[in-house]
Amino acid sequence: MTKPLTIVWFRQDLRIGDQPALRRAVDRGGVIPAYIWAPDEEGDWPLGGASRWWLHHSLASLDEQLRQRGSRLIVRRGPTQQTLDELLEQTGATAVYWNRRYEPAAIERDKQVKAALVSRGVQAESFSGSLLHEPWTITTKQGAPYQVFTPFWKACLGAAVKHETLAAPREVAGPSKWPATLKLEELELLPTLAWDAGIAEAWEPGALAAERRLQEFVGEAIGRYQEDRDRTDIDSSSRLSPHLHFGEISPRQIWLAVEKALEAFKAKSTSGASKTRQSAEVFLKEVGWREFAYHLLYYFPQTPGEPLREQFRGFPWRRSQKDLRAWQRGRTGFPIVDAAMRELWTTGFMPNRTRMIVASFLTKDLRLTWLRGAEWFWDTLVDADLANNTLGWQWTAGCGADAAPYFRVFNPTMQAEKADPDGEYIRRWVPELAKLPTKWLREPWTAPEEELVAAGVELGKTYPRPMVDHHEARDAALAAYERVKKS
Ligand SMILES: Cc1cc2nc3c(=O)[nH]c(=O)nc-3n(C[C@H](O)[C@H](O)[C@H](O)COP(=O)(O)OP(=O)(O)OC[C@H]3O[C@@H](n4cnc5c(N)ncnc54)[C@H](O)[C@@H]3O)c2cc1C
């Protein structure tokens, strides 16, 4: 008897290990792994440029892994429903499996796809593959969504996490005849103008690279994470975010790898064990913020475009294309802000601390709406993620759940002192200031003329003067906030 065929519809789960939809399809019989490119179905947030770059390479890596197991990835263009129907017809498959997504547009589309498939007698099943706890499994005692992180995370910690991951299948059986596929290049995900050299140098997409990065991180750096994670001059965090976004690794794989590493560490030495455990807990809590972000996005699907706290709807944001552009290009005259924005442009990434610094600068010093910042991040980050990006921007702007209060305005100079004590980060990304002594590096406009001359800096020419006076801008932002608070 021939085995039944299942289409596995890959989306943000581009891996073969701990992949519930793939595992179940393999157990059922033959598998047709498929990726359908349908940017029009992503609502207001079709993939940005840096994410498209990542996706191209991630799909190539998935295809390679499937080929090592006797299978391959079938790539098609959407619309999704029509493409799935065609694939079902062309292959004789009788089921479609996928792992769930939680973005509002994806939920809506997936519901329609499922209903249409079921109405035609196709077995359509979705699985949980990208969160530790799906949003509806964690609620307050009253059955309401959480809006504060600490009790949310406590509830998560009290709920069971399955203590095993699904092994990658050794073999993936296919159909007797493979359906046609597009070449990856035909999706035109890579830039036509070559702006991606810095990204290619900084990253290696794909599940194998994700696993290596995870092992490197839990093997050593995790012990220093608590202490160092706010440093921008050293590689202090895991850099797993793009891998997590594209589902090249699951949060459960991360969770279990951390636990295993802690066991190994405990067996080797006792002296540093409790410090490492504490540090690992801080790391897992950050993975918890990702869970919280998805929880919020699921229950408050309007938040990618609207503030969660309604009082902010009338906030008097300024409009200035010129100021927005200076921020985007890393030409604000504030070295830590400019360093971070240039790092983002070049590598598709910036550390969490600088994300907060530049977001505070945009929304408070420049008083431009967080939405313009979220859009820029969306286009330039390799880890652009609707849930995390929305949470991060609304948190910094003060208008989200459990957000930093609006009156907490980051002081770029003081932040730079902590995040980049010797100025190495600024020197790396703002080379025109590299020769300035650290004392003047964070506020070059306060440097004596002879220091500037000696360092080859001419303010307003080789490097911009600060576009605002931070203290005045802070006062203006707070005054605007007071007006909103009263209204
Ligand atoms: C304004 C702003 C925008 C952001 N936009 C995004 C985004 O588009 N995509 C994205 O993945 N993260 C975003 N973040 C969250 C965070 O900055 C990144 O997840 C983190 O810097 C990624 O680096 P890492 O993998 O080394 O993190 P680690 O510190 O090693 O943390 C491990 C994982 O936990 C999750 N995580 C860590 N911090 C947070 C957080 N504050 N909120 C939610 N999840 C978190 C990430 O998945 C991360 O990979 C944003 C933060 C801010 C302030």
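These legends walk through close-up views of the ligand and its surroundings in a predicted model. Local features need pLDDT of at least 70 and side-chain atom pairs count only at pLDDT 80 or more, while totals for chains, interfaces and linings use all residues. Residues are numbered from 1 along each chain as its sequence is written, and side-chain values use heavy atoms, with hydrogens and water left out.

**View 1. The ligand and its shell.** Here you meet the 28 residues around the ligand, each with a heavy atom within 4 Å of it. Tyr225, Ser237, Ser238, Arg239 and Asn352 come nearest. Sorted by class, the shell holds 14 nonpolar, eight polar and six charged residues.

**View 2. Polar atoms beside the ligand.** Look for pairs of N or O atoms within 3.5 Å. A ligand oxygen atom lies 3.0 Å from a backbone N or O atom of leucine 240. At arginine 290, a polar backbone atom is 3.4 Å from a nitrogen atom of the ligand. Arginine 355 instead brings a polar side-chain atom, 3.5 Å from a ligand oxygen atom. The protein covers 95% of the 820 Å² of accessible area that the ligand has on its own (Shrake-Rupley method, 1.4 Å probe).

**View 3. Helices around the ligand.** Helices (DSSP runs of H or I, at least four residues, numbered from the N terminus) take part here. Helix H9 (241–245), helix H11 (273–299), helix H14 (352–365) and helix H16 (386–397) each give two or more residues to the shell. H16 provides the largest share, six residues.

**View 4. Between two domains.** Why does the ligand lie between domain 2 and domain 3? Domain 2 (131–165 + 207–299) and domain 3 (310–486) both give residues to its shell, so the ligand lies between them. The domain bounds come from an automatic or database domain assignment.

Methods. A polar contact is a pair of N or O atoms within 3.5 Å; within protein, one must be able to donate a hydrogen and the other to accept it, and residues adjacent in sequence count only if both atoms are side-chain atoms. Ala, Val, Leu, Ile, Met, Phe, Trp, Tyr, Cys and Pro count as nonpolar, Asp, Glu, Lys and Arg as charged, and the others, Gly among them, as polar.
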